[in-house]
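Trainee: Could you take me on a close tour of one part of this model, the sheet and whatever surrounds it? I would like to start from a single residue and work outwards.

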Amino acid sequence: MLRVALIGLGAIGSAAAVLLRDMPGVQLRTVVVSGAASTARMAEVQKRLVALVPEAVLTDAVPLEGIDLLVEAAGHGAIAEHVLPALRRGLPCIVASVGALSEPGLIEQLEEAACQGGTQLELIAGAIGAIDALAAAKVGGLSQVRYTGRKPPQAWMGTPVEQRVDLAALCEPQVVFEGTARQAAAQFPKNANVAATVSLAGLGLDATQVRLIVDPTVRDNVHTIEAEGSFGHFELSMRNLALASNPKTSAQTVYSLIRAIQNRVQPVII
């Protein structure tokens with residue numbers, strides 16, 4: 001039985017908890033929230049956890065014993081607070097908030113922590129596909145990688161775009177960002193996890209080109225990767241339905257997280 005601790009019980013964490021509840025060979029033992037969470041926040045999360053997975057325990061720190069895998073689904077702050085210390089003491093981790101790795105030096109800190117603990121950190125593909133093909137193409141040599149993210153106006157609410165664009169009145173697609181993956185993930189942490197994932201699998205945060213678009217003509221989150229190299233050329237486009245509880249996040253992100261956990265217990269994986 002794989003004993004799992006899950007960081008976060010927001011939109012992604014709650015959806016993942018429901019799927020983990022009935023997964024053979026896996027037991028969701030603990031849900032971890034920030035150590036700075038208020039009493040009211042803890043009570044709110046506890047109520048939600050009882051409704052979803054009543055046998056799981058709520059805590060503000062990753063248990064030192066009784067856990068085989070730590071899964072992050074809480075946002076960027078959880079990486080430094082929980083993931084780094086867990087890696088240092090040898091606990092394998094899966095991270096969903098890949099955009100956090102745009103912070104200078106963080107990927108090196110994570111690598112050092114994993115080496116120190118003799119364990120491994122896995123970054124999920126999340127809302128995008130073809131990450132295996134992109135990473136394989138990197139072996140032979142990549143010359144260019146470009147990611148385009150196209151989302152409906154409601155997915156940009158609560159982001160810097162809202163200060164520059166009248167989202168309610170927008171009638172046609174508008175480019176709101178062009179630059180590197182590092183810049184995109186830093187400016188739009190809730191919308192650019194995919195940009196960071198694509199860059200880490202390919203040319204890196206500073207060499208991967210990103211375009212972000214607000215598009216009132218689409219209802220889905222549309223992700224497109226274009227890559228060229230010694231392997232040839234590929235273009236992948238995915239139209240993902242958003243989570244009902246969070247229009248900024250594709251439901252595919254949850255499924256990608258669950259697949260990564262399943263791969264830890266299944267006898268044959270792909």
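Mentor: Happy to! Let's start at His223, which is found in strand β10. Keep in mind as we go that this is a predicted model. The reason for choosing this residue is an annotation: UniProt, in an unreviewed entry, places the feature "active site" at His223. That label comes from the record, and such annotations may be inferred rather than shown by experiment.

Is His223 buried or exposed? With a relative accessible area of 1%, His223 is buried, because buried means under 20% here. Its surroundings can be listed too. Setting aside neighbours within four places in sequence, His223 is in contact with Ala127, Ile128, Tyr147, Thr148, Lys151, Val194, Leu236, Ser237, Met238, Asn240 and Ser250. It is worth highlighting these in your viewer while we look at the strands.

Now for the sheet itself. Five strands make up an open sheet in the order β8-β9-β7-β10-β11, and the pairing is mixed. At the edges are β8 (174-180) and β11 (232-240), each of which pairs on one side only. From one strand to the next, the twist averages 10°.

Let's go back to the strand that holds His223, β10. Which strands does β10 pair with, and in what sense? One partner is β7, which pairs with β10 in the antiparallel sense over eight bridges. In that pairing, Leu142 stands opposite Gly229 in β10. The other is β11, again antiparallel, with nine bridges to β10. Asn221 has Asn240 as its bridge partner in β11, and Asn240 is also among the contacts of His223. β10 and β11 form a hairpin, and two residues lie between them.

At the other edge, β8 pairs with strand β9 (residues 209-214) in the antiparallel sense, over six bridges. Here Glu178 has Arg211 in β9 as its bridge partner. A helix packs on this sheet as well: α8 touches β7 (142-151), β9 and β10 (221-229), and its direction makes about 165° with that of β7. One of the contacts of His223, Val194, falls within the range of α8, residues 193-201.

Following α8 away from the strands brings us to another helix. The axes of α5 (residues 131-140) and α8 (residues 193-201) come within 8 Å and cross at roughly 35°. Which residues meet there? From α5 come Ile131, Leu134, Ala135 and Lys138, and from α8 come Thr197, Val198, Leu200 and Ala201. Sorted by class, this contact has six nonpolar, one polar and one charged residues.

Let's finish with the charged pairs elsewhere in the model. Side chains of opposite charge can pair when their charged atoms come close. How many salt bridges does the structure hold? There are nine, and three of the pairs make a nice set to inspect.

Take Arg264 and Glu122, a salt bridge in which the closest N and O atoms are 3.1 Å apart. Arg264 lies in the segment after α9 (251-262) and Glu122 in strand β6 (residues 121-123), so this pair ties together parts that are 142 residues apart in sequence. Arg264 is partly exposed, at 31% relative accessible area, and Glu122 is partly exposed at 26%.

Arg3 forms a salt bridge with Asp68, with 2.9 Å between the closest N and O atoms. Because Arg3 belongs to strand β1 (residues 2-7) and Asp68 to the loop between β3 (57-59) and β4 (69-72), the pair ties together parts that are 65 residues apart in sequence. Arg3 counts as partly exposed at 29% relative accessibility, and Asp68 is partly exposed with 26%.

Finally, Arg41 and Glu44 meet through their side chains in a salt bridge of 3.3 Å, N to O. Why are they about one helical turn apart? Because they sit three residues apart in helix α2 (residues 39-52). Arg41 is partly exposed, with a relative accessible area of 34%, and so is Glu44, with 42%. This pair also belongs to a network of salt bridges that links Arg41, Glu44 and Arg48.

Key
Residues are numbered from 1 along each chain as its sequence is written. This is a predicted model: local features need pLDDT of at least 70, side-chain atom pairs count only at pLDDT 80 or more; totals for chains, interfaces and linings use all residues. Side-chain values use heavy atoms; hydrogens and water are left out. A salt bridge is a side-chain nitrogen of Lys or Arg within 4 Å of a carboxyl oxygen of Asp or Glu. Helices (H or I, at least four residues) and strands (E, at least two) are DSSP runs, numbered from the N terminus. Buried means under 20% relative accessible area, exposed over 50%, partly exposed in between (1.4 Å probe, protein chains only). Axes are lines fitted to C-alpha atoms, for helices over the stretch in contact, and angles run from 0 to 180 degrees between N-to-C directions. Contact means heavy atoms within 4.5 Å. Ala, Val, Leu, Ile, Met, Phe, Trp, Tyr, Cys and Pro count as nonpolar, Asp, Glu, Lys and Arg as charged, and the others, Gly among them, as polar. Two strands pair if DSSP finds at least two bridges between them.
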